Amino acid sequence: MVNTLEFERPVVELRQKIAELKEFTKTSDVDLSSEIEKLEARLENLEKEIYENMKPWDRVQIARHPQRPTTLDYISYLFTDFMELHGDRLYGDDEAIVGGIAKYHGLPVTVIGHQRGKDTKENIRRNFGMPHPEGYRKALRLMKQAEKFSRPIICFIDTKGAYPGKAAEERGQSEAIARNLFEMAGLKVPIVCIVIGEGGSGGALALGVGNHIHMLENSTYSVISPEGAAALLWKDSSLAKRAAETMKITAPDLKELGIIDEIIPEVRGGAHQDVKAQAEEIDKVLKTSLQQLMQLSEDELVAHRYDKYKQIGKYTTIQTLEEVKS
């Protein structure tokens, strides 16, 4: 059963009413077809009004939906011959990040992504999709392997952030993330990153230094969660909705700011409504991305990545003391 979000409750209630009327007509001689048609037309208009005019907090809720498709869900639809690889060859394996080799329309690729659970038991096993250092080191090991065999890298981003616990810090969490940023910047193969849920802080960015960055329409990508921002700005995490409005964390905002390349449309109501249809939308953008990047040389790929990140944001050159005096 799909969980109902607060803002879409009117849609769900109307759907239930229509379903009840249809069930009633099966067991009675009363003709309610005209009433059902009117309600279905009303439902269509209501869905359009709600889902085409969502606020940032509405998108945050969809991005966090417990049944939102995960990396492994999309792998099963988009790739063939997927072979998952484990371990960082230093400490152990981290199930909050999955990765391996696969074929994408016959092309050998390396696929890496954050992985959270669908229920409490799996979430505990996967640490709610918040990686430890060994997760990021596993990801980097697979990226270097991909470079060695000239395989494009496809990253799926979906995490609240890197795990901030004591054990993770002791094993070098910050270093592991920083190392990934450094190494990904110089990899000589195409890198395509897709934000499929929440993209939180450095934990997301550690898989996000790509030539192309795409986002599902109802995903988020930010330096901090709305709750964390509210706690810092106003000393009150309950003001998360207000923070989401001001942080510019949604796909439309990030596209306008030039941080992402493409917005991948979602099926109405969110990706969890139809995983197969959503995978088809991802496939369209991913295929085009790889076709473009595969035409670039190794040096051009690195330069492309450098130019992409250099153009994000605004900055001014610091003047020397001599220039200021003159």
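Modeller: Buried means under 20% relative accessible area, exposed over 50%, and partly exposed in between, with a 1.4 Å probe and protein chains only. The model is predicted, so local features need pLDDT of at least 70 and side-chain atom pairs count only at pLDDT 80 or more, while totals for chains, interfaces and linings use all residues. Residues are numbered from 1 along each chain as its sequence is written, and side-chain values use heavy atoms, with hydrogens and water left out.

Biologist: How many salt bridges does the count come to?

Modeller: A pair enters the count when a side-chain nitrogen of Lys or Arg is within 4 Å of a carboxyl oxygen of Asp or Glu. Arg125 and Glu95 form one such pair, with N to O at 2.3 Å. By this rule the count of salt bridges comes to 19.

Biologist: How many residues apart are Arg125 and Glu95, and which parts of the chain hold them?

Modeller: The side chains of Arg125 and Glu95 meet in a salt bridge. Arg125 belongs to helix H5 (residues 120–125), whereas Glu95 sits in the loop between strand S1 (80–84) and strand S2 (97–104); helices (H or I, at least four residues) and strands (E, at least two) are DSSP runs numbered from the N terminus. The pair therefore links distant parts of the chain, and its separation is 30 residues.

Biologist: Is Arg125 buried, partly exposed or exposed?

Modeller: Its partner Glu95 has a relative accessible area of 28%, which makes Glu95 partly exposed. Arg125 has a relative accessibility of 45%, so Arg125 also counts as partly exposed.

Biologist: Which two helices does the salt bridge between Lys144 and Glu183 tie together?

Modeller: The side chains of Lys144 and Glu183 meet at 3.4 Å, N to O. Because the two residues lie in separate helices, the pair ties together parts that are 39 residues apart in sequence: Lys144 is in helix H6 (residues 133–148) and Glu183 in helix H8 (residues 173–186). Lys144 has a relative accessible area of 36% and is therefore partly exposed. The two helices asked for are H6 and H8.

Biologist: Which residues are linked with Lys144 and Glu183 in a network of salt bridges?

Modeller: Lys144 and Glu183 do not stand alone, as they belong to a network of salt bridges. The other residues linked in this network are Arg137, Glu147, Glu175 and Arg179.

Biologist: In the salt bridge of Glu198 and Lys160, which residue is buried?

Modeller: These side chains meet at 3.8 Å, N to O. Glu198 lies in strand S5 (residues 191–200) and Lys160 in the loop between strand S4 (153–159) and helix H7 (166–170), so the pair ties together parts that are 38 residues apart in sequence. Lys160, at 52% relative accessibility, counts as exposed. With a relative accessible area of 10%, the buried residue is Glu198.

Biologist: What distance does H6 reach from its first C-alpha to its last?

Modeller: H6 has 16 residues, and at 1.5 Å a residue its expected span is 22 Å, that is, 1.5 Å times one less than its number of residues. The distance it reaches is close to that expectation, at 23 Å.

Biologist: Which elements do the buried residues of H6 pack against?

Modeller: The buried residues of H6 include Tyr136, Leu140, Leu142 and Met143. Contact here means heavy atoms within 4.5 Å. The elements they pack against are S2, strand S3 (107–114), S4, H7, H8 and helix H9 (201–205).

Biologist: Which residue just after H6 takes a positive phi?

Modeller: The place to look is just after H6. There, with a phi of about 55°, is Ser150.
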